[in-house]
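Subject: Handover of a structure and notes on its contents

Dear colleague,

Please find below the sequence and structure I am passing on to you. My notes follow, and I would be grateful if you would read them beside the coordinates.

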Amino acid sequence: MATWKSRGLRGSALEDLINETNEKYKETGLAIVQKIPTPITPIKMNPSKNQITLAFFEQKSTVDYIGVVQGVPICFDAKECKEDRFPLQNIHAHQVDFMEHFEKQGGVSFFIIHYTHKDIMIYLPFDMFKFFWDRSNNGGRKSFLLSELNPDFVINQNEGVFVPYLVPLKKDIEERDIVH
């Protein structure tokens with residue numbers, strides 16, 4: 001039984017921006033993407049703040065978001081990072097397994113990483129992530145650097161939404177030559 005000790009709403013700022021973006025995409029008919037809640041059972045509460053302070057995970061979570069964009073199934077996870085080095089320990093093997101199987105079924109898996117210290121958001125395609133994951137599992141570094149990521153996948157806030165990930169997603173799909 002894994003437990004979770006609250007340190008505030010970690011990652012919630014990025015998730016709030018993505019949730020707003022997903023609402024806009026839904027309203028405009030571009031996509032339907034939903035946040036997948038992590039199933040937890042509260043153990044301790046702070047009633048004055050209506051907060052859960054200690055809980056255990058009921059089961060392993062898969063990804064943060066799942067949905068469909070113009071007929072293309074997608075799933076992704078959102079992460080925040082405070083330095084140029086992203087530790088792979090922030091991703092769990094069962095998440096990688098889920099994303100890999102999702103891709104084998106014709107879906108597109110990816111990560112959105114917000115490098116908070118530089119205020120840079122980047123779309124990380126699953127195949128590039130898998131390269132870093134495999135490198136780590138074969139004795140290589142246990143992280144990847146921002147400088148190793150493709151600058152063409154930086155998410156620029158210029159599409160009337162907070163996290164316009166459909167722009168790099170389109171580029172990723174075109175590079176994969178996926179037809180739906």
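In these notes, rings of Phe, Tyr and Trp (its six-membered ring) are taken to pair if their centres lie within 6.5 Å; planes under 30 degrees apart are called stacked, those over 60 edge-to-face, and the rest tilted. Please bear in mind that the model is a predicted one.

Aromatic residues

By this rule the structure holds 14 aromatic pairs. One of them joins Phe76 and Tyr165, a tilted pair with 5.0 Å from centre to centre and 50 degrees between the planes. This pair connects distant parts of the chain, 89 residues apart: Phe76 belongs to strand 6 (residues 72-81), while Tyr165 is in the loop between strand 10 (143-145) and helix 4 (166-176). Phe76 is buried, at a relative accessible area of 0%, and Tyr165 is likewise buried, at 0% relative accessibility.

Tyr165 also pairs with Phe110: the ring centres are 6.0 Å apart and the planes make 40 degrees, so this pair is tilted. Here too distant parts of the chain are linked, as Phe110 lies in strand 8 (residues 108-115), 55 residues from Tyr165. Phe110 is buried, with a relative accessible area of 0%.

These three residues belong to one aromatic cluster, formed by Tyr25, Tyr65, Phe76, Phe110, Tyr123, Phe153 and Tyr165. Tyr65 has a further partner: the charged end of Lys35 sits over the ring of Tyr65, 5.6 Å from its centre.

Overall fold

The secondary structure consists of four helices and ten strands, which follow one another along the sequence in the pattern β-α-β-β-β-β-β-β-α-β-β-α-β-α. Of the 180 residues, 37% count as buried. Among the contacts with a separation of 6 or more, 66% are between residues 24 or more positions apart. The exposed area of the protein is about 10,500 Å², of which carbon and sulfur atoms supply 51%.

The sheet and its helices

Five strands make up an open sheet in the order 2-5-6-8-9, with mixed pairing. Its edges are strand 2 (31-35) and strand 9 (120-125), each of which pairs on one side only. From one strand to the next, the twist averages 25 degrees. Strand 8 and strand 9 are antiparallel and pair over six bridges; Tyr115 has Ile120 in strand 9 as its bridge partner.

Two helices that pack on this sheet deserve mention. Helix 3 (residues 126-137) touches strand 8 and strand 9, and its direction is at about 85 degrees to that of strand 9. Helix 4 touches strand 5 (65-69), strand 6, strand 8 and strand 9, and its direction is at about 140 degrees to that of strand 8.

Backbone points to inspect

Most residues other than glycine have a negative phi. Which value does phi of Gln70 take? It is near 50 degrees, a positive value in a residue other than glycine. Gln70 is located in the loop between strand 5 and strand 6 and is exposed, at 57% relative accessibility. Asp119 also has a positive phi, near 50 degrees. Asp119 lies in the loop between strand 8 and strand 9, where it is exposed, with a relative accessible area of 60%.

With kind regards

Technical notes
Residues are numbered from 1 along each chain as its sequence is written. This is a predicted model: local features need pLDDT of at least 70, side-chain atom pairs count only at pLDDT 80 or more; totals for chains, interfaces and linings use all residues. Side-chain values use heavy atoms; hydrogens and water are left out. Buried means under 20% relative accessible area, exposed over 50%, partly exposed in between (1.4 Å probe, protein chains only). A charge sits over a ring if NZ of Lys or CZ of Arg is within 6 Å of the ring centre and within 35 degrees of the ring normal. Two strands pair if DSSP finds at least two bridges between them. Axes are lines fitted to C-alpha atoms, for helices over the stretch in contact, and angles run from 0 to 180 degrees between N-to-C directions. Contact means heavy atoms within 4.5 Å. Accessible areas come from the Shrake-Rupley method with a 1.4 Å probe; for residues, only the protein chains shown count as cover.
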